[in-house]
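Please work through the exercises below with the sequence and the three-dimensional structure at hand. Attempt each task before reading its solution.

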Amino acid sequence: MAPTIFKTSIIATTLMFLLLNSSSEAAIQCSDVVKDLSPCGSYLIKGGNPPSNCCAGITTLASAASTAADRKAACGCIQTLAKSIQLSTSAAAALPGLCNINLPFTISTGMDCSKIN
């Protein structure tokens, strides 16, 4: 009976460790990324000029992604989002420049988020 309790304790401790590590690595959530980029939806599909609330959103996102873990998480969320819409790659690539913001990655479906620091 004791070995079963010991195994259960190890499993519970391991799960708690994984949950604590995964939640502490990145503070930014995909829901935050979607909220920040939602005003950019039409621009990212059709191009043109991004609306001011789009630039405000991407500025908020850039500020929120202050750690490498946050930037990687944001990148992954953006990549998933980009794959779910008919993304204009030229509009997406131009967005940071048009909003006068620096992002540590490009907005595209082909981003390699693992290379973000």
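The exercises that follow concern a predicted model, and each is accompanied by a worked solution.

**Exercise 1. The chain as a whole**

Task: State how many helices and strands the chain has, and describe its burial and its contacts.

Solution.
Step 1. Count the elements: the chain has six helices and zero strands. Along the sequence, this gives the pattern α-α-α-α-α-α.
Step 2. Consider burial: of the 117 residues in the chain, 32% are buried.
Step 3. Consider the surface: the chain exposes about 7200 Å², and 61% of this area is supplied by carbon and sulfur atoms.
Step 4. Consider the contacts with a separation of 6 or more: 77% of them are between residues 24 or more positions apart.

**Exercise 2. The two sides of helix H2**

Task: Determine which residues of H2 are buried and which residues on the other side are exposed.

Solution.
Step 1. List the buried residues of H2: Val-33, Asp-36 and Leu-37.
Step 2. Locate them around the axis. They cover an arc of only 90°, which means that they are on the same side of H2.
Step 3. Turn to the other side of H2, where Ser-31 and Lys-35 are exposed.
Step 4. Identify the partners of the buried residues: they pack against helix H3 (41–46), helix H4 (52–64) and helix H5 (68–84).

**Exercise 3. A buried charge and a salt bridge**

Task: Explain why Asp-36 has no salt bridge with Lys-35, and find where the structure does contain a salt bridge.

Solution.
Step 1. Place the residue: Asp-36 belongs to helix H2, which spans residues 30–37.
Step 2. Examine its surroundings. Asp-36 is buried, and the nearest side chain of opposite charge, that of Lys-35, is 4.3 Å away.
Step 3. Apply the cut-off. A salt bridge requires the side-chain nitrogen to be within 4 Å of a carboxyl oxygen, so the pair at 4.3 Å does not qualify.
Step 4. Search the whole structure, which yields one salt bridge. It joins the side chains of Asp-112 and Lys-115, at 3.8 Å from N to O.
Step 5. Assess the exposure of this pair. Asp-112 is partly exposed because its relative accessibility is 38%, whereas Lys-115 is exposed because its value is 63%.

**Exercise 4. The nonpolar core**

Task: Describe the largest nonpolar core and name the helices that contribute to it.

Solution.
Step 1. Note its extent: the core has 28 residues, and those with the most contacts inside it are Val-33, Ile-58, Ile-78 and Leu-95.
Step 2. Trace the contributors: H2, H3, H4, H5 and helix H6 (89–98) each supply at least two residues of this core. The largest share, five residues, comes from H5.
Step 3. Follow one of these residues. Beyond four places in sequence, Ile-58 touches a set of residues including Leu-37, Leu-95, Cys-99 and Ile-107.
Step 4. Connect this with the earlier exercise: Ile-58 also touches Asp-36. The contacts of Asp-36 beyond four places in sequence are Gly-57, Ile-58, Thr-60 and Leu-61.

**Exercise 5. Residues distant in sequence**

Task: For Tyr-43 and Cys-113, find how far apart in space each is from a residue distant in sequence.

Solution.
Step 1. Begin with Tyr-43, which lies in helix H3. It is classed as buried because its relative accessibility is 3%.
Step 2. Compare sequence with space: Tyr-43 and Ala-91 are 48 residues apart in sequence, and their C-alpha atoms are 7.1 Å apart. Ala-91 is among the contacts of Tyr-43, as are Ala-94, Leu-95 and Leu-98.
Step 3. Continue with Cys-113, in the segment after H6. It is buried, with a relative accessible area of 12%.
Step 4. Repeat the comparison: Cys-113 and Ala-74 are 39 residues apart along the chain, with 8.8 Å between their C-alpha atoms. Among the contacts of Cys-113 are Lys-72 and Gln-79.
Step 5. Inspect Gln-79, a residue of helix H5. Gln-79 is buried, at 17%, and its contacts include Ser-108, Met-111 and Cys-113.

**Exercise 6. A backbone angle**

Task: State what is notable about the phi angle of Asn-100.

Solution.
Step 1. Recall the general rule: most residues other than glycine have a negative phi.
Step 2. Read the angle: phi of Asn-100 is near 55°, a positive value in a residue other than glycine.
Step 3. Add the setting: Asn-100 lies in the segment after H6 and is exposed, because its relative accessibility is 72%.

Technical notes
Residues numbered from 1 in each chain as written. Predicted model: local features only at pLDDT ≥ 70, side-chain atom pairs only at ≥ 80, totals over all residues. Heavy atoms only, no water. Helix = DSSP H or I, 4+ residues; strand = E, 2+ residues; numbered from the N terminus. Buried < 20%, exposed > 50% of the residue type's maximum accessible area, 1.4 Å probe, protein only. Lys, Arg positive; Asp, Glu negative; His and termini not counted. Contact = heavy atoms within 4.5 Å. Arc of directions from axis to C-beta. Areas by Shrake-Rupley, 256 points an atom, 1.4 Å probe, with all protein chains shown as cover. Core = buried A, V, L, I, M, F, W, Y, C linked by side-chain atoms within 4.5 Å.
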